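The following paragraphs lead the reader through selected features of one structure. Please keep the sequence and the model at hand while reading.

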Amino acid sequence: MDGKTVLISGSTDGVGRYVATRLAAAGARVLIHGRDKARAETLRDEIKRAGGGEPMFYPADLSSLAATRKLAQAVLADHERLDVFISNAGIGSRTEGPERRTSADGYELRFAVNYLSGFLLAHLLLPLLKASAPSRIVNVASLGQHPIDFDDVMITRGYGGSRAYAQSKLAQIMFTIDLAEQLEGSGVTVNSLHPATYMNTTMVRAGGIAPISTVEQGGEAILHLVTGDDVAGTSGRFFNGMREAKANPQAYDAAARKRLRALSLELTGLPAA
Ligand SMILES: NC(=O)c1ccc[n+]([C@@H]2O[C@H](COP(=O)([O-])OP(=O)(O)OC[C@H]3O[C@@H](n4cnc5c(N)ncnc54)[C@H](OP(=O)(O)O)[C@@H]3O)[C@@H](O)[C@H]2O)c1
């Protein structure tokens with residue numbers, strides 16, 4: 001990873017934090033992101049103590065599309081290359097309560113934070129990723145997947161935190177397949193994964209769930225997609241840990257992906273393709 005620049009959203013905590021530490025130790029220039037300055041400071045110290053370079057911290061609340069845009073602009077302004085973007089930030093099914101909440105832009109919160117912000121960031125960072133090719137995007141999704149009801153994407157009826165979380169995670173996987181098709185021949189690959197089941201992280205503990213995996217296990221699976229030679233030419237795939245796997249059937253429905261793409265471009269204010 002020497003000389004490579006990596007942006008990891010949601011790296012102030014959990015598995016993203018572990019991945020940031022590992023990539024910095026491997027020589028990467030790590031761009032850390034989250035909302036919590038104190039957690040970012042302790043991560044910065046940890047990385048420096050372990051002999052990694054000085055990581056740069058980009059604070060941004062991804063429940064706001066304006067803040068998400070600012071984050072992309074700051075990264076584009078500060079760096080001449082971006083080799084990897086790991087879209088990892090997320091909230092769980094019960095983070096800050098299981099009830100329905102909305103983002104700064106009025107969208108269902110889990111869909112906005114877990115999916116839409118990553119969709120927007122990836123698009124805004126694409127010119128730099130393309131200029132730095134070969135480069136990689138890794139979308140940290142989940143095995144928890146629920147098909148999108150296109151008549152009620154914001155889940156205004158029959159809301160459940162688990163369904164909202166799982167819908168946002170399937171949206172990431174659908175976006176991965178769709179984007180890989182668009183990026184064919186560009187030298188930029190994009191894959192998604194379920195890192196590990198119920199890792200011992202804030203999100204899992206907030207859900208009242210007893211952890212059954214470690215962040216190291218999930219972190220290794222993410223690092224595999226970031227650095228693995230065996231996946232250098234792989235794009236548009238979903239992995240369960242270290243192995244390629246099948247996602248929910250809706251991910252392979254080209255019409256559903258097209259619909260999601262059109263909706264996401266509209267919701268994020270990106271120009272229609
Ligand atoms: N844990 C599991 O077992 C598991 C299983 C499958 C998939 N995943 C996926 O793995 C990824 C990481 O999860 P984790 O378990 O490591 O979670 P975590 O420990 O709760 O960490 C979440 C990270 O996302 C950031 N984040 C949350 N909301 C944000 C917002 N509105 N704006 C900006 N940053 C925000 C947090 O930043 P702050 O420090 O600012 O809070 C933190 O750095 C998620 O995408 C999750 O869905 C986890």
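In this predicted model, D83 and R81 form a salt bridge in which the closest N and O atoms are 2.6 Å apart. The two partners are placed differently with respect to the surface. D83 has a relative accessibility of 3% and is therefore buried, since the limit for that class is under 20%. R81, with a relative accessible area of 36%, counts as partly exposed.

A second salt bridge joins R261 and D178, with 3.6 Å between the closest N and O atoms. This pair connects distant parts of the chain: R261 belongs to helix α8 (residues 254–268) and D178 to helix α5 (residues 161–182), and the two residues are 83 residues apart. Here the acidic partner, D178, is buried at 11% relative accessibility, whereas R261 is partly exposed, its relative accessible area being 24%.

A further salt bridge is found between the side chains of K48 and E54, with an N to O distance of 3.6 Å. Both residues fall in the partly exposed class: E54 because its relative accessibility is 48%, and K48 because its relative accessible area is 39%. The pair also belongs to a wider arrangement, for E41, R44, K48 and E54 are linked in a network of salt bridges. In total, the model contains twelve salt bridges.

The backbone around this network may be considered next. Helix α2 covers residues 37–49 and, together with β2 and β3, makes a right-handed β-α-β unit. The two strands of the unit, β2 (residues 29–34) and β3 (residues 56–59), pair in the parallel sense, and four bridges are found between them. Within this pairing, L31 stands opposite M56 of β3.

The last site to be examined is centred on an asparagine. N114 is located in helix α4, which spans residues 109–131. Is this residue buried or exposed? Its relative accessibility is 1%, and N114 is therefore classed as buried. A polar atom of the N114 side chain lies 2.8 Å from the backbone nitrogen of I91. Leaving aside residues up to four places away in sequence, N114 touches A89 and G90 as well as I91, and its other contacts are Y165, S168, K169 and Q172.

Key:
Residues are numbered from 1 along each chain as its sequence is written. This is a predicted model: local features need pLDDT of at least 70, side-chain atom pairs count only at pLDDT 80 or more; totals for chains, interfaces and linings use all residues. Side-chain values use heavy atoms; hydrogens and water are left out. Buried means under 20% relative accessible area, exposed over 50%, partly exposed in between (1.4 Å probe, protein chains only). A polar contact is a pair of N or O atoms within 3.5 Å; within protein, one must be able to donate a hydrogen and the other to accept it, and residues adjacent in sequence count only if both atoms are side-chain atoms. Contact means heavy atoms within 4.5 Å. Two strands pair if DSSP finds at least two bridges between them. A crossover is right-handed if, with the strands pointing away from the viewer, the path from the first strand over the helix to the second runs clockwise. A salt bridge is a side-chain nitrogen of Lys or Arg within 4 Å of a carboxyl oxygen of Asp or Glu.
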